[in-house]
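Please walk through the side-chain contacts that hold this fold together in the model shown below. The route goes from helix packing to aromatic rings and then to charged pairs.

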Amino acid sequence: MDTVEEFLAHSIKLEQEAALRFGQLADAMESCGNREVSKLFRQLSDYSRMHQADAQARAGFREIPELKPEDFSWPGLESPETAAIWGTDPFIGRDLALEIALEAETGAYEWYKNVLDTTNDPEIRALAKEFVAEESGHVAELHRWIALHKAGKPLPMEITPF
């Protein structure tokens, strides 16, 4: 990352794609009657939209570059928080849904952590540190849900706000 504007462009896109994919997964689960998993994915989609809005607000007065898909620096083909598309399998259960969500949130955490660890720009560093903390909270919450599920305990009605 060379500029704050480039970092924010990536952050906005990352959250936008996460919201879209989690929304697609929620729709697929709802259409096949898996309402419990649909609710989880819908909440994650909603939180990604909130995080996208936050990144856009931080962009505020800045001139954010409009990057083409090939201009983004992702570790794979898609943004690192884009949940696996195979999560649309109508037979997916809560345990697998939680693992898919954890993988997506871990991908975002690792991407932001890499930016934090490799940038020399103090402003990018400060922003990346905040995003790392946020994604770390997401990962921790999903680990908590997975532990509750494996222990056979009831899950909260909704995800604790990140």
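In this predicted model, helices α1 and α3 run roughly antiparallel to each other, because the angle between their axes is about 180° and angles over 145 degrees count as roughly antiparallel. Helix α1 covers residues 4–31 and helix α3 residues 94–118, and their axes lie 12 Å apart. On the α1 side the contact is made by Phe7, His10, Ser11, Leu14, Glu15, Phe22 and Leu25. On the α3 side it is made by Ile100, Ala101, Ala104, Glu105, Ala108, Trp111, Tyr112 and Val115. By residue class, the contact of α1 with α3 holds eleven nonpolar, two polar and two charged residues.

Some residues of this contact also take part in aromatic pairs. A pair of aromatic rings is described by the distance of the centres and the angle of the planes. The count of aromatic pairs comes to eight. In one of them, Phe22 and Phe41 have ring centres 6.0 Å apart and planes at 25°, so the pair is stacked; the limit for stacking is under 30 degrees. Phe22 belongs to helix α1 and Phe41 to helix α2 (residues 35–59), so the pair links parts of the chain that are 19 residues apart. Both Phe22 and Phe41 are buried.

A second pair joins Tyr112 and Phe131, with 5.0 Å from centre to centre and 40° between the planes, and this pair is tilted. Tyr112 sits in helix α3 and Phe131 in helix α4 (residues 122–150), so the two rings tie together parts that are 19 residues apart in sequence. Tyr112 has a relative accessible area of 0% and is therefore buried. Phe131, with a relative accessible area of 4%, is buried as well. Tyr112 and Phe131 also belong to an aromatic cluster, which is formed by Phe7, Phe72, Trp74, Trp111, Tyr112 and Phe131. Among the members of this cluster, Phe7, Trp111 and Tyr112 appear in the contact of α1 with α3 too.

The next topic is charge. Side chains of opposite charge can pair when their charged atoms come close. The model has nine salt bridges by count. One of them is formed by Asp27 and Arg42, at 2.5 Å from N to O. Asp27 lies in helix α1 and Arg42 in helix α2, so this bridge ties together parts that are 15 residues apart in sequence. Asp27 is partly exposed, at 46% relative accessibility, and Arg42 is partly exposed at 28%.

Another salt bridge connects Glu123 and Arg62, whose closest N and O atoms are 2.2 Å apart. This pair links distant parts of the chain: Glu123 is in helix α4, whereas Arg62 is in the loop between α2 and α3, 61 residues apart. Glu123 counts as partly exposed at 37% relative accessibility. Glu123 and Arg62 also belong to a network of salt bridges that includes Glu5.

The last pair stays inside one helix. Glu141 and Arg144 both lie in helix α4, three residues apart, which is about one turn of the helix. Their side chains meet in a salt bridge at 2.8 Å, N to O. Which of these two side chains is buried, and which is partly exposed? Glu141 counts as buried at 9% relative accessibility, whereas Arg144 counts as partly exposed at 36%.

Terms used
Residues numbered from 1 in each chain as written. Predicted model: local features only at pLDDT ≥ 70, side-chain atom pairs only at ≥ 80, totals over all residues. Heavy atoms only, no water. Axes fitted to C-alpha atoms, helices over the stretch in contact; angles between N-to-C directions. Helix = DSSP H or I, 4+ residues; strand = E, 2+ residues; numbered from the N terminus. Contact = heavy atoms within 4.5 Å. Nonpolar A, V, L, I, M, F, W, Y, C, P; charged D, E, K, R; others polar. Phe/Tyr/Trp six-rings, centres within 6.5 Å; stacked < 30°, edge-to-face > 60°. Buried < 20%, exposed > 50% of the residue type's maximum accessible area, 1.4 Å probe, protein only. Salt bridge = Lys/Arg side-chain N within 4 Å of Asp/Glu carboxyl O.
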